[in-house]
Amino acid sequence: SSDLANHERAIGGAKQAAEERKQLLERLKQDKARRKAAMQEKAFQIRMWKQEAAMKQVERHADKRAKASEDYVARKSKSDQEREKAFNELVVMTAEEEALVNELKTVCKFRDDVLASVMQHVQ
């Protein structure tokens with residue numbers, strides 16, 4: 001009879017230990033999910049900052065390009081060599097601006113992808 005009671009106590013203890021392990025595993029899964037969400041949020045914030053910086057850079061570059069364009073028009077009356085130099089600078093600046101805009105588009109797309117992923121996890 002005491003063997004039976006000991007056996008039942010052992011089974012009860014094993015069941016309780018299994019339940020505690022299950023709860024611990026569940027907490028670990030939740031912690032991992034929270035950490036992942038926090039990392040995604042941080043990545044998203046970093047991308048937003050990069051996007052803002054890229055937009056400011058595009059704006060500054062557009063201002064420089066406008067000035068170069070004005071300089072080009074002003075130099076038209078000067079010698080052909082000076083005019084050609086100004087035009088070449090304008091061509092280079094336009095190419096650089098296009099590269100910056102393309103980089104900005106990439107950053108925006110990545111941001112949108114991260115946001116979609118986060119929203120998918122939230123639902």
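Analyst: A residue is called buried when its relative accessible area is under 20%, exposed when that area is over 50%, and partly exposed in between. The structure discussed here is a predicted model.

User: Is Leu24 buried, partly exposed or exposed?

Analyst: Leu24 is found in helix 1, which covers residues 2-75. Its relative accessible area is 43%. Because this value lies between the cut-offs of 20% and 50%, Leu24 is classed as partly exposed.

User: Which residues form a nonpolar patch on the surface together with Leu24?

Analyst: The patch has about 280 Å² of accessible area in total. Besides Leu24, its members are Leu25 and Leu28.

User: What distance separates the end C-alpha atoms of helix 2, and what span should its residues give?

Analyst: Helix 2 runs over residues 80-122 and holds 43 residues. The expected span takes 1.5 Å times one less than the number of residues, so helix 2 should span 63 Å. The separation of its end C-alpha atoms agrees with this expectation, being likewise 63 Å.

User: Which helix supplies the largest share of the largest nonpolar core?

Analyst: In soluble globular proteins, nonpolar side chains tend to be buried together. The largest nonpolar core here has 5 residues, namely Ala54, Val58, Leu100, Leu104 and Cys108. Helix 1 and helix 2 each supply at least two of them. The largest share, 3 residues, comes from helix 2.

User: Which residue forms a salt bridge with Glu97, and in which helix does that partner lie?

Analyst: Glu97 lies in helix 2 and is buried, with a relative accessible area of 14%. Its salt-bridge partner is partly exposed at 27%, and the closest N and O atoms are 2.9 Å apart. The pair links distant parts of the chain, 32 residues apart. The partner is Arg65, in helix 1.

User: How many residues separate Asp71 and Lys67, which meet in a salt bridge?

Analyst: The side chains of Asp71 and Lys67 meet at 3.0 Å, N to O. Asp71 is partly exposed at 25%, and Lys67 is partly exposed at 48%. Both lie in helix 1, where about one helical turn separates them because they are apart by 4 residues.

User: Which residues does Arg111 touch, leaving out those up to four places away in sequence?

Analyst: Arg111 lies in helix 2. Its relative accessibility is 17%, so Arg111 counts as buried. Beyond its sequence neighbours, Arg111 touches Phe44, Arg47, Met48 and Gln51.

Note on methods. Residues are numbered from 1 along each chain as its sequence is written. This is a predicted model: local features need pLDDT of at least 70, side-chain atom pairs count only at pLDDT 80 or more; totals for chains, interfaces and linings use all residues. Side-chain values use heavy atoms; hydrogens and water are left out. Helices (H or I, at least four residues) and strands (E, at least two) are DSSP runs, numbered from the N terminus. Patches are made of residues with over 30% relative accessible area and no salt bridge: like charges are joined within 9 Å, nonpolar side chains (Val, Leu, Ile, Met, Phe, Trp, Tyr) within 5 Å. Accessible areas come from the Shrake-Rupley method with a 1.4 Å probe; for residues, only the protein chains shown count as cover. A salt bridge is a side-chain nitrogen of Lys or Arg within 4 Å of a carboxyl oxygen of Asp or Glu. Buried means under 20% relative accessible area, exposed over 50%, partly exposed in between (1.4 Å probe, protein chains only). Contact means heavy atoms within 4.5 Å. A nonpolar core is a set of buried Ala, Val, Leu, Ile, Met, Phe, Trp, Tyr and Cys residues joined through side-chain atoms within 4.5 Å.
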